[in-house]
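Here is a short briefing for a reader new to this structure. Please look over the sequence and the model first, then work through the points by topic.

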Amino acid sequence: QVQLVESGGGLVQAGGSLRLSCAASGSIFSIGAMGWYRQAPGKQRELVAHITSGGRTNYADSLKGRFTISRDNAKNTVYLQMNSLKPEDTAVYYCNALVVVRWGSGAYDYWGQGTQVTVSS
């Protein structure tokens, strides 16, 4: 079994910063791509940022320049640095990882339970 545990969410004023972390643990042989998604009330879940095992990144166009994704492969951890936060960034942020649990098995998608980010105006 694989667990993804997010941390770092909270309440921040507009213009502030937060750093989210997501640590993967459990039966892990290797981890491929990792990413962050978010879901605001009444809206669909959307991609925030994505990073490959080799460090290649991809961002939602509207977030480029404010958010930075990174990862520490030795710690099986992905981070999301969020700067210049806006009220519209308020959402539950979910971590995602593509995990190979043992040699020769396929890669499976895992999700964290989410962490709330609230940006006040």
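## The four-stranded sheet

Four strands build an open sheet, ordered E1-E3-E8-E7, with antiparallel pairing. E1 and E7 are the edge strands, and each of them pairs on one side only. From one strand to the next, the twist averages 15°. Keep in mind that this is a predicted model.

**Inside the sheet**

- Strand E3 covers residues 18-26, and strand E8 covers residues 77-82.
- E3 and E8 run antiparallel and are joined by six bridges.
- Within this pairing, Leu18 stands opposite Met82 of E8.

**Glu6, a buried charge on an edge strand**

- Glu6 sits in strand E1, which spans residues 2-7.
- E1 is an edge strand of the sheet.
- Is Glu6 buried or exposed? Glu6 is buried, yet it has no salt bridge.
- The nearest side chain of opposite charge belongs to Arg45, 7.7 Å away.
- A salt bridge requires the charged atoms to lie within 4 Å, so Arg45 at 7.7 Å does not form one with Glu6.
- What does the Glu6 side chain reach instead? One partner is the backbone nitrogen of Cys95, at 2.8 Å.
- Another is the backbone nitrogen of Gln113, at 3.1 Å.
- Both residues also appear among the contacts of Glu6, leaving aside neighbours within four places in sequence.
- That list also includes Ser21, Cys22, Trp36, Tyr93 and Tyr94.
- Gly112, Gly114 and Thr115 complete the list.

**Ser70, on the other edge**

- Ser70 is found in strand E7, which runs over residues 67-72.
- Ser70 counts as partly exposed because its relative accessibility is 30%, and that value falls between the 20% limit for buried and the 50% limit for exposed.
- Not counting residues up to four places away in sequence, Ser70 touches Ile51, Thr77, Val78 and Tyr79.
- How far apart are Ser70 and Tyr94? They are 24 residues apart in sequence and 15 Å apart in space, from C-alpha to C-alpha.

**Positive phi in two loops**

- Most residues other than glycine have a negative phi.
- Asn76 is not a glycine, yet its phi is positive, at about 50°.
- Asn76 lies in the loop between E7 and E8.
- With a relative accessibility of 24%, Asn76 counts as partly exposed.
- Ser84 also has a positive phi of about 50° and is not a glycine.
- Where is Ser84 placed? Ser84 is in the loop between E8 and strand E9, the latter covering residues 91-100.
- Ser84 is partly exposed, and its relative accessible area is 42%.

**Strand E4 and its two partners**

- Strand E4, residues 30-39, runs antiparallel to E9.
- How many bridges join E4 to E9? Eight bridges join them.
- In this pairing, Ser30 stands opposite Val100 of E9.
- E4 is also joined to strand E5, residues 46-51, by five bridges.
- E4 and E5 run antiparallel as well.
- Here Arg38 stands opposite Glu46 of E5.
- E4 and E5 form a hairpin, with six residues between them.
- Gly42 lies in the turn of this hairpin and has a positive phi of about 75°.

Methods. Residues numbered from 1 in each chain as written. Predicted model: local features only at pLDDT ≥ 70, side-chain atom pairs only at ≥ 80, totals over all residues. Heavy atoms only, no water. Helix = DSSP H or I, 4+ residues; strand = E, 2+ residues; numbered from the N terminus. Buried < 20%, exposed > 50% of the residue type's maximum accessible area, 1.4 Å probe, protein only. Lys, Arg positive; Asp, Glu negative; His and termini not counted. Polar contact = N/O pair within 3.5 Å; in protein donor to acceptor, adjacent residues only side chain to side chain. Contact = heavy atoms within 4.5 Å. Pairing = 2+ DSSP bridges. Axes fitted to C-alpha atoms, helices over the stretch in contact; angles between N-to-C directions.
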